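Good morning, and thank you for coming. I would ask you to look at the model on the screen while I describe how its parts fit together.

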Amino acid sequence: MTSTTPPDGSSFSDGSAPASPVSAESGFATRAVRIGHHRTPEGEHGEPIFTTSSFVFDSAAEAAARFSGDQAGNIYSRFTNPTVSAFEERLASLEGGERCVATASGMSAILAVCMGLLEAGDHIVASRSLFGSTTLLFNKYLSRFGIQTSYVPLGDLEAWDAAIRPKTRMLFCETPSNPLTEMVDIRGLAEVAHRRGCLLAVDNCFCTPALQRPLELGADLVIHSATKYLDGQGRCIGGAVVGDRKWVGEGVFGVLRTAGPTMSPFNAWVFLKGLETLELRMLAHSRSAAALAEWLLAQRGIERVYYPGLPDHPQHQLVGTQQRTGGGIVAFDVRGGRAGAWHLIDSTRLLSITANLGDVKTTITHPGTTTHGRLTPEERTAVGIGEGLVRVAVGLEDITDIQADLALGLERPPNADQAAAP
């Protein structure tokens with residue numbers, strides 16, 4: 001148990017609400033382990049999984065009061081489930097938000113934000129450095145309903161300001177971005193947004209609250225693909241939106257209640273377990289990623305390395321201030337374009353060739369043909385995703401083993417065997 005009442009305001013089944021030793025003033029690691037668990041009369045030590053579609057009421061009057069909102073409590077697992085609520089309460093605490101809404105995936109979290117807070121005729125200003133599916137959501141689907149999007153360089157605050165129109169409702173960014181780890185001054189961007197009457201939504205997937213807390217820097221909404229680092233072991237799909245009681249607790253929650261892009265109780269339980277080790281993992285990922293980035297700089301087959309912890313990163317000054325460390329993602333350009341990148345990827349034996357990230361297992365992918373493969377060549381060029389770009393999400397294996405595996409594809413250039421043949 002970690003607070004006096006469950007997040008929906010209901011009491012426990014025995015009517016009690018014992019005081020909790022954990023509060024918003026408790027340390028990050030303590031909250032990551034304990035916030036959100038409201039122990040039942042069974043006295044369980046681990047969070048229970050409430051695998052039920054609906055909940056039973058004591059009377060018709062109680063059912064009516066629950067459905068009307070006059071009485072707090074569980075109704076239907078599409079929008080009220082104690083296991084999901086535990087995850088929501090814990091993540092909201094870690095991000096420093098008033099409310100969290102958990103969703104079925106990271107993309108459904110973004111969709112719920114747009115459906116809940118925007119309407120036909122509204123305009124979004126977004127970073128041109130976004131996950132490919134986010135760009136497609138904005139361009140291909142939201143545009144059908146009269147919501148237009150303009151794109152600007154992530155770190156250029158003047159460009160953000162200049163792109164805002166009278167109907168601009170939201171500024172949307174990832175920082176660091178996928179896959180080039182570009183960053184923006186969140187506090188500065190929040191000032192631009194609020195001066196012009198806009199909301200600022202920040203995708204915090206790459207950092208998580210263990211490394212960066214956008215709400216404390218002025219953002220209005222924080223979005224997560226819980227699939228990534230919040231889980232930490234590549235087990236489940238999920239998403240989340242964190243913010244205040246109005247925008248998230250009413251606007252985004254209303255979409256969840258009606259449309260149902262719902263997180264399952266089992267997945268919420270997995271994410272709760274992931275949050276318990278989040279800080280430890282993020283610091284370990286960051287240490288190994290920094291070591292890998294430095295090692296890649298010395299490799300002859302590498303043209304450029306993208307990592308916030310390197311001094312030549314354009315926004316390196318934000319590391320240690322806005323962002324606690326450089327994070328766990330390293331991207332780099334391989335000599336030889338796509339042939340060189342694919343050769344490097346195919347030469348690995350330890351690393352997992354998959355587009356997912358945030359796993360304890362190191363993953364490697366070619367963004368131009370996977371995460372951003374549905375963009376046009378012109379769109380990829382505009383955001384700096386070349387044919388030779390490789391993204392590595394550094395896991396928790398020994399860093400020397402990760403380096404040795406990548407070296408397999410750097411020691412011998414592609415087509416070397418054919419070139420040497422008589």
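Which residue in strand 7 is the bridge partner of H224? The partner of H224 is A240. Please keep in mind that this is a predicted model.

Let me begin with the sheet as a whole. Seven strands form an open sheet in the order 1-7-6-5-4-2-3, and their pairing is mixed. Strand 1 and strand 3 stand at the edges with a single partner strand each, so one side of each has no neighbour in the sheet. From one strand to the next, the twist averages 20 degrees.

Strand 7, residues 239-243, deserves a closer look. Strand 1 and strand 7 run antiparallel and are joined by five bridges; here R99 stands opposite G243. Strand 6 also runs antiparallel to strand 7, and four bridges join these two. At the other edge, strand 2 and strand 3 run parallel, with five bridges between them, and S127 has V152 as its bridge partner in strand 3.

Is strand 7 enclosed or open to its surroundings? Five of its five residues are buried, so strand 7 is largely enclosed by the rest of the structure. In a regular strand, side chains alternate between the two faces of the sheet. In strand 7, G239, V241 and G243 point one way, while A240 and V242 point the other way.

We now turn to the helices. Helix 3 lies across strand 1, strand 6 and strand 7, and runs at about 130 degrees to strand 1. Helix 7 also packs on the sheet, where it touches strand 4 and strand 5.

Helix 3 has a helical partner as well. The axes of helix 3 and helix 10 come within 8 Å and cross at roughly 35 degrees, and the crossing is left-handed. Among the residues that meet are F87 and L91 of helix 3, and W269 and L272 of helix 10. The residues of this contact comprise 11 nonpolar, one polar and two charged.

Finally, I come to the interior. The largest nonpolar core has 34 residues, and F87, L91, L230, V242 and L278 are those with the most contacts inside it. Helix 3 gives the largest share of this core, six residues. Apart from this core lies another, of 30 residues, which includes F79, C114, F172 and V241. V242 of strand 7 touches L91 of helix 3, and its other contacts include R99, C100, L221 and V222.

Thank you for your attention.

Conventions:
Residues are numbered from 1 along each chain as its sequence is written. This is a predicted model: local features need pLDDT of at least 70, side-chain atom pairs count only at pLDDT 80 or more; totals for chains, interfaces and linings use all residues. Side-chain values use heavy atoms; hydrogens and water are left out. Axes are lines fitted to C-alpha atoms, for helices over the stretch in contact, and angles run from 0 to 180 degrees between N-to-C directions. A crossing is left-handed if the near helix is turned anticlockwise from the far one by less than a right angle, and right-handed if clockwise. Contact means heavy atoms within 4.5 Å. Ala, Val, Leu, Ile, Met, Phe, Trp, Tyr, Cys and Pro count as nonpolar, Asp, Glu, Lys and Arg as charged, and the others, Gly among them, as polar. Buried means under 20% relative accessible area, exposed over 50%, partly exposed in between (1.4 Å probe, protein chains only). Two strands pair if DSSP finds at least two bridges between them. A nonpolar core is a set of buried Ala, Val, Leu, Ile, Met, Phe, Trp, Tyr and Cys residues joined through side-chain atoms within 4.5 Å. Lists of a residue's contacts leave out its neighbours within four places in sequence.
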